[in-house]
There are 2 protein chains.
Amino acid sequence: MARAATTSDAFNAIAEPQRREILALLRAGERPVTDLAQELGMSQPGASKHLRVLREVGLVRVREAGKQRLYGLDARGLRPIHEWVGGFEQFWNESFDRLDTYVQDLKQTQQEE
Amino acid sequence: MARAATTSDAFNAIAEPQRREILALLRAGERPVTDLAQELGMSQPGASKHLRVLREVGLVRVREAGKQRLYGLDARGLRPIHEWVGGFEQFWNESFDRLDTYVQDLKQTQQEE
DNA sequence: TTGACGCATTCCGATATGGGAATATGATTG
DNA sequence: CAATCATATTCCCATATCGGAATGCGTCAA
């Protein structure tokens with residue numbers, strides 16, 4: 001088997017930096033593709049491809065507006081990620097005083113040898 | 001270019017479900033490789049490979065303990081992710097009343113035609 | 001030393017990627 | 001209808017993946 005598809009879930013979709021930038025931009029409101037492409041310095045096909053991925057995982061919605069297609073944010077799919085990561089909050093605070101102490105002890109032990 | 005390396009940052013590293021499971025398990029404390037492999041139903045080399053990725057992005061630390069290597073959680077690298085995703089919190093609440101409303105309006109409009 | 005154990009690495013195959021270039025599609029305008 | 005604008009899709013390439021199988025390597029016990 002190979003790596004999971006970027007479209008397999010939001011975790012994979014947001015692993016790509018440019019897609020994160022797109023999402024960030026869309027917080028300001030809906031935007032047409034070319035707009036996004038230009039603002040982020042990517043090609044039009046590039047933007048379209050990233051938007052396709054975001055659409056497939058449901059992080060973005062499209063609305064037809066004449067010639068244009070306006071993409072808008074649908075952040076609901078980010079919530080599970082926030083919750084999963086949040087499950088580690090106590091560990092990036094509390095716990096690591098211990099670990100740092102441990103590391104310092106180690107260094108000191110080595111110096112003493 | 002191809003897809004970014006899984007080791008390029010924490011976002012990529014946690015895109016893989018099994019690595020997420022490893023991290024979750026490690027909240028309970030340090031564990032040797034074989035332990036993890038067995039508990040998660042993966043092969044030993046499989047576990048080793050995933051742990052390597054997690055180590056390279058700094059989400060995990062190793063400690064030699066005789067024959068064994070004890071892996072421990074270092075969740076600090078998850079904090080930036082939590083913050084980035086958190087930047088969308090207002091959008092998965094507030095904003096989507098509007099969008100849902102919009103969608104309902106659309107449906108109604110179509111029925112009326 | 002010889003085994004045995006715990007882990008890491010390497011080699012393989014199948015697969016999916018992101019980017020660039022070219023092209024197709026669809027709606028709008030004249 | 002023809003031309004044009006806004007997007008999407010397709011093709012191609014270089015690259016990196018995850019998984020399985022086999023193997024390497026360091027540590028400990030007899």
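In this predicted model, helix 4 of chain A makes the greatest contribution to the surface near DNA strand D, supplying 5 residues. That surface also draws on other elements of both protein chains, with helix 3 (33-39), helix 4 (44-56) and strand 3 (68-73) of chain A and helix 2 (17-26) and helix 4 (44-56) of chain B each supplying at least two residues. The residues nearest to DNA strand D, out of the 27 around this strand, are A:Met1, A:Thr34, A:Ser48, B:Gln18 and B:Lys49. In composition, the surface near DNA strand D comprises 10 charged, 9 nonpolar and 8 polar residues.

On the side of the nucleic acid, sugar or phosphate accounts for 61% of the atoms of DNA strand D within 4 Å of the protein, the rest belonging to bases. Among the polar contacts to the phosphates, an N or O atom in the side chain of A:Ser48 is placed 2.5 Å from a phosphate oxygen of DNA strand D, and an N or O atom in the side chain of A:Tyr71 is likewise 2.5 Å from a phosphate oxygen of this strand. A base is also addressed, in that a polar side-chain atom of B:Lys49 lies 2.5 Å from a base oxygen of DNA strand D.

For DNA strand C, 28 residues surround the strand, and A:Gln18, B:Met1, B:Thr34, B:Ser48 and B:Tyr71 come nearest. Of the atoms of DNA strand C that come within 4 Å of the protein, 60% belong to sugar and phosphate. Phosphate oxygens of this strand lie 3.1 Å from a polar side-chain atom of A:Thr6, 2.9 Å from an N or O atom in the side chain of A:Arg19 and 3.2 Å from a backbone N or O atom of B:Val33. Two or more residues of the surface near DNA strand C come from each of helix 2 (17-26) and helix 4 of chain A, and from each of helix 3 (33-40), helix 4 and strand 3 (68-73) of chain B. Helix 4 of chain B provides the largest share, 5 residues, and the surface as a whole divides into 10 nonpolar, 10 charged and 8 polar residues.

As to the protein fold, chain A contains 7 helices and 3 strands, arranged from the N terminus in the order α-α-β-α-α-β-β-α-α-α. Of its 113 residues, 41% count as buried, while the exposed area of chain A is about 6500 Å², of which carbon and sulfur atoms supply 47%. Among contacts in chain A between residues at least 6 apart in sequence, 48% join residues at least 24 apart.

Notes:
Residues numbered from 1 in each chain as written. Chains lettered and ligands numbered in written order. Predicted model: local features only at pLDDT ≥ 70, side-chain atom pairs only at ≥ 80, totals over all residues. Heavy atoms only, no water. Near = heavy atom within 4 Å. Polar contact = N/O pair within 3.5 Å; in protein donor to acceptor, adjacent residues only side chain to side chain. Helix = DSSP H or I, 4+ residues; strand = E, 2+ residues; numbered from the N terminus. Nonpolar A, V, L, I, M, F, W, Y, C, P; charged D, E, K, R; others polar. Buried < 20%, exposed > 50% of the residue type's maximum accessible area, 1.4 Å probe, protein only. Contact = heavy atoms within 4.5 Å. Areas by Shrake-Rupley, 256 points an atom, 1.4 Å probe, with all protein chains shown as cover.
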